[in-house]
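Visitor: Hi! Could you show me the structure and walk me through how its parts meet?

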Number of protein chains: 2
Amino acid sequence: MVKLTAQRQAILDLINRSNRHWDAEEVARSLADAGQSIGIATVYRGLAALENEGLISSIQLTDKKRYERADKAHHDHLICTICGRIEEFSHATIEALQLAAARDKGFEITGHQLVIFGLCPDCRKEKNA
Amino acid sequence: MVKLTAQRQAILDLINRSNRHWDAEEVARSLADAGQSIGIATVYRGLAALENEGLISSIQLTDKKRYERADKAHHDHLICTICGRIEEFSHATIEALQLAAARDKGFEITGHQLVIFGLCPDCRKEKNA
DNA sequence: ATGATAATGATAATGGTTATCATTCTCCGC
DNA sequence: GCGGAGAATGATAACCATTATCATTATCAT
């Protein structure tokens, strides 16, 4: 049985209090800065356990995994390839069409991930300056 | 200037002759088996160079990158989380809606990746057996 | 041929993540 | 309250895909 220990509580609170997409390193550092330092292995295990329980959710980026609050409506991500900024968007029709596409192939969907890469408004401006 | 050397030609031919999604290790092994053995670092660089030239394309999975032919219409991927089987699908409406969503946020799209995870027909059968 | 530029390949290094293992915590039944 | 089973913790080693290094070799234009 999975336990919601003090460490995991701290991780969960940190993520729930924010609107960011955290990687494990950032979580560890932030907790350490707050005087609640937790071993990096425990952070990784805690994040995995919390995600398993549906208490947080994640996106897998090229290099690393990032976690965010789960108490939001489902959404996908737009990532700026220059500054790394992450925006969220959701689109009911896209979701519905994904379901249909999977059904066509006889698949039973368990999850999906849509990431759009591009240049955010700021970096576009920067580039054209 | 990028050169299409014998090694890169071999990698490109291998991928173009197939319909699979290759990782670097598989490419190296397959070429070695065919008597055309290439250093693993060269395989990685070759794959990156070929992708840069638009001669092959790739999808980034959780753990590794996989390459496939580029001479196919754009498509997304369905991945079986049990056996790893990869199916392709494409949906013009989904593409169009993605563009619209990005524009709404002021992003200039440079790429995107949609992966749907699920159980393929065979593994569904297996599971319910 | 002769440089200049790029590619090769063996190997070391990187970096995010997971495994190991001894120790500590938690919680249940007695 | 006590004992013990099952988890969790944390320091650290191991993993593994990928990238960097660097000496050597190939390629191409003049």
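Visitor: How many residues of chain A are in contact with chain B?
Guide: 31 residues of chain A are in contact with 31 of chain B, where contact means that the C-beta atoms, placed from the backbone, lie within 7 Å. This is a predicted model, in which local features need pLDDT of at least 70, side-chain atom pairs count only at pLDDT 80 or more, and totals for chains, interfaces and linings use all residues. Residues are numbered from 1 along each chain as its sequence is written, while chains are lettered from A and ligands numbered from 1 in the order in which they are written.

Visitor: Thanks! Which element gives the largest share of chain A's side?
Guide: That's β5(A), with twelve residues. Helices (H or I, at least four residues) and strands (E, at least two) are DSSP runs, numbered from the N terminus.

Visitor: And what does β5(A) join in chain B?
Guide: Eleven bridges link β5(A) to β5 of chain B (residues 108-119), and the two run antiparallel. Strands count as paired if DSSP finds at least two bridges between them. In β5(B), G111(B) is opposite F117(A).

Visitor: Switching to the DNA: which residues come nearest to strand C?
Guide: Of the 23 residues around DNA strand C, the nearest are K65(A), T5(B), Q7(B), G39(B) and T42(B). Being near means having a C-beta atom, placed from the backbone, within 6 Å of the strand.

Visitor: Which element supplies the largest share there?
Guide: α3(B) does, giving six residues to the surface near DNA strand C.

Terms used: Two residues are in contact if their C-beta atoms, placed from the backbone, lie within 7 Å.
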